[in-house]
Amino acid sequence: MAVSVAAEWSAIANRYYRKQEIYRMAWHNVELSGHKVACARFGGMIAIIRDDTKIVRLRSEPARPKLLIFRSSGLLVASITWDRPGGRLIAMGWSDEEILHCVMQDGSVFRYDVHGKLLPDKVWFGQECWDQGIMECIIWGNGIVCLTEANAVFCIPDLGSPQFVKLTQLTLEDPPHCMAIIEPQHTVSGSVEVLLAVESTVMVVDGGSIQDQGTTIGPLGKMVASPNGSYVACFTHDGRLLVVTSDFSKTISEFDTQSALPPEQLIWCGMDSVLLYSDDSVLMVGPYGDWTKYTYDEPVVLIPECDGVRILSNTFMEFLQRVPDTTVSIFSIGSTSPGAMLYDAYDHFAKRNAKADESIRMVGSSIPDAVEACIDAAGQEFRMELQDTLMRAAVYGRTFCRRFSKTRIRETCKTLRILNGVRDPNVGIPLTLQQLKVLTLPVLIERLVNEHKHLLAIRMSEYMGLSPETVVVHWAGAMITAATSVPDPELCNLLLEKLKMYSVSYAAIAAHAYRNGRRTLAALLLEHEPRSSEQVPLLTSMGEEEKALGKAIKSGDTDLVYFTLFHLWQKKSPSEFTRAVQDKPLARNLFIAYARQNEPDVLKKFFASIGQLHRVGELLLWEAWAQSKNPVTRQGSPLQGPRIRLIEEAQRLFSHSKEHDFEAKACDEQARLLKIQHELEAKTGKAIFVDTSVSDTIRTCIVLKNHREAQRIRVEFKVPDKRFYWLKILALAYIKDWDALEKFSKERRPPVGFKPFVEACLQEGQTSEALKYIQKLSDPEEKAEAYAQAGMAKEAAEVAAQAKDSEILGRLKLTFGQSTTAAALFDSIRDRLSLQGG
């Protein structure tokens, strides 16, 4: 069996290549030679449309071309009549997300999914590109580069957000001979590099800059960069195939094809060789000038992959790749590697031949390497019978090597089941193990989901221990889209029956139903969503704001409540908003707390709508208070007017309720006081009145000797006589106007008595002035204490003696402290009083 496997290989230098048939194409009457063909990488879809630049016999086909989408096995997926405007179709290509991009001559780009559905987000290269017309285009996994007939280069670097940029405008007499790209992930700058063959050199356009590589290898008829962007394969005008470094500084290899006609296709087969297709033959050139040729009796299309090339013809699809090293070590003729010996040992064991024991002993201590080689070779095979034999050989060898991990064999078996499952013609994704590693299993499952292979995707997810939620949600959405005639309650029950065994987001399914116009179905599905964070946003988008608010409050998540409140406020009228929140304390209080800090005007409207006018008044007072912190306002500027109006408006609102009479009166007085203070500042030119109290305002007027205004304020605000006297006494003493103070004391008997006069004078250090008023004190205790405060011990003692109160004498003695003279005086008087009492 080893000989038959190796017999299929082709040797190029010290490397082997093999070409295996993957599928017999299921399509009929497809002639690739007369069509444009676009094949997605990683065994993806095939798009075919008639090439209007070629003369073909229509046979039974309609005159209008059709865009056909097939699986890699040739099964038809979609057929779309091509009626797109925009002139001639320049190029087709699949993105990494398996979206087909069709670039038209006028710069329009039409996008189709794998089912042939035209996606609504049309892409356009702009007016300049439309005016010039596209001449050539290259589509890679995540972007598009096009060259116009005026030699301008345009690029869409990211098809996820398709915004075009103009890279450069070349001033050339003739258009470039050919164009190639180096993808962004392989460049230093991180942006796509466009290679343009101009005359005998190559120009590199990178992010708008142009660099002449200074090479003389041209003119070039074809160029293509290697998969890792390190090398460029070039076909020259004289028929040579050159492999150079990507900066064109060094030639790696050179091969004379003996044909000056450029090939129809020039691509890389992995990193080891280059393929040229022309005249129904594929020429493979290795790195050292070795070559081999494959001849076909029908046209083919070469599809590059990361580890080989798919070859598509009218009747079959093949895969050409370098034979993996482990496969070579096992199946090459005369191999004595551990893997080959283990394979032979198992072959004898399966045939019940006694040589099995001898063969396994020859492997010796290399059994772990032999087992690993068999496992790796099995993973590289397309033929299931060969996979089975290699894995059985690995299991057989593992019985003699207990340290080898069981997990390695088990995981390889699982991976092979995945690969064999997607290689089935009905699925049509001929992945290799290396391609699966690059693509990753989650992306493969996503591709199956997009192709509506939901059952296979779910089984694969469960088999590999991945969550099937994404698959199930997509399946449910596809069911909703397809089941247009099924009533909503019936479809809901059907979905719930299927979904009950999975943990899925019912909100995501409900959102899909709502986008498809099935509002009732969306509402029914949302009732089964346990996560409020998923329910609430969808309910708000459906216009069910009040229901969403109830769900948010029930969840206790204040962020959700705020989210719903903001949505309500924007969508509903103030009256509707008020009705929605006024009977929900949590929502109401959260709204008030937010609006108080950020939207006071909104909060005023809210309070007014629910009839709480006094709360509006409180907000107006807060606003007036905030204005008082403004330095300009505080200085009595014209901004004082708005403050007064705010307070007056607050007073009006408070006056609507008898329960807030105090607040109304306080606002009225504050407004009147601010007006007076503003007038005083205007008259005096001094910013010292605004925002002071009534008492301070009166005192300041007296200090400024504006007694008339002080009296007016006294009357205006009904200041009690005692308070007014205290204020005037202290103010006159502060400005040391002793004559005015004495005159004031004689106007009438002061209601506060003469003690304030004494204290005011003493506070200012005027003992002589204080004596004028001490003598007028009628209370002996007050009089004695006044003398003591003035430092007159003898007079204080005499007054105390007249009062015959020893307690006063004791306090006065303490007042004078360490003065021995005063202490002796008070002691003698107290002794005399005690003798008289005895």
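This briefing describes two sheets, one helix pair, one pocket and one cavity in the structure above. The model is predicted. Two open four-stranded sheets are covered, one running in the order β11-β12-β13-β14 and one in the order β23-β24-β25-β26. The second largest pocket holds about 610 Å³ of space, and the largest cavity holds about 60 Å³.

**Sheet β11 to β14**

- Strands β11, β12, β13 and β14 form, in that order, an open sheet with antiparallel pairing.
- At the edges stand β11 (134–140) and β14 (165–169), each of which pairs on one side only.
- From one strand to the next, the twist of this sheet averages 15°.
- Six bridges join β11 to strand β12 (residues 143–148), and the two strands pair in the antiparallel sense.
- Cys137 has Cys146, in β12, as its bridge partner.

**Sheet β23 to β26**

- A further open sheet has four strands in the order β23-β24-β25-β26, again with antiparallel pairing.
- Its edge strands are β23 (265–269) and β26 (291–295), and each of these pairs on one side only.
- The twist in this sheet averages 20° from one strand to the next.
- Strand β23 pairs with strand β24 (residues 273–278) over five bridges, in the antiparallel sense.
- Opposite Leu266 stands Leu276, which belongs to β24.
- As a general point, strands of a sheet pair through backbone hydrogen bonds, in either a parallel or an antiparallel manner.

**Helix pair α8 and α11**

- Helix α8 (residues 406–423) and helix α11 (residues 454–463) have axes that come within 11 Å and cross at roughly 175°.
- Because angles over 145 degrees count as roughly antiparallel, α8 is roughly antiparallel to α11.
- On the α8 side, the contact involves Cys413, Lys414, Arg417, Ile418, Gly421 and Val422.
- These residues meet Leu456, Met460 and Tyr463 of α11.
- By class, the residues of the contact of α8 with α11 comprise six nonpolar, one polar and two charged.

**Second largest pocket**

- About 610 Å³ of space lies in this pocket, and 19 residues line the pocket.
- Of the lining residues, Asp113, His115, Lys117, His452 and His474 lie nearest the centre of the pocket.
- Helices α12 (469–482) and α14 (506–515) each supply at least two residues of the lining.
- The most is given by α12, which contributes five residues to the lining of the second largest pocket.
- The lining divides into seven nonpolar, seven polar and five charged residues.

**Largest cavity**

- Across the whole structure, a search finds one cavity of 30 Å³ or more.
- About 60 Å³ of space lies in the largest cavity.
- The residues that line the largest cavity are Lys755, Val758, Glu759, Leu777, Glu782, Glu785, Ala786 and Gln789.
- Both α30 (755–763) and α32 (780–789) supply at least two residues each to the lining of the largest cavity.
- With four residues, α32 gives the most to the lining of the largest cavity.
- The cavity lining consists of three nonpolar, one polar and four charged residues.

Terms used. Residues numbered from 1 in each chain as written. Predicted model: local features only at pLDDT ≥ 70, side-chain atom pairs only at ≥ 80, totals over all residues. Heavy atoms only, no water. Pairing = 2+ DSSP bridges. Axes fitted to C-alpha atoms, helices over the stretch in contact; angles between N-to-C directions. Parallel < 35°, antiparallel > 145°, perpendicular 65-115°, else oblique. Contact = heavy atoms within 4.5 Å. Nonpolar A, V, L, I, M, F, W, Y, C, P; charged D, E, K, R; others polar. 1 Å grid on protein atoms, 1.4 Å probe; cavity = no way out; pocket = protein on both sides within 12 Å on 5 of 7 lines; lining within 4 Å. Points joined across faces, edges and corners; volume = space filled by probe spheres on them.
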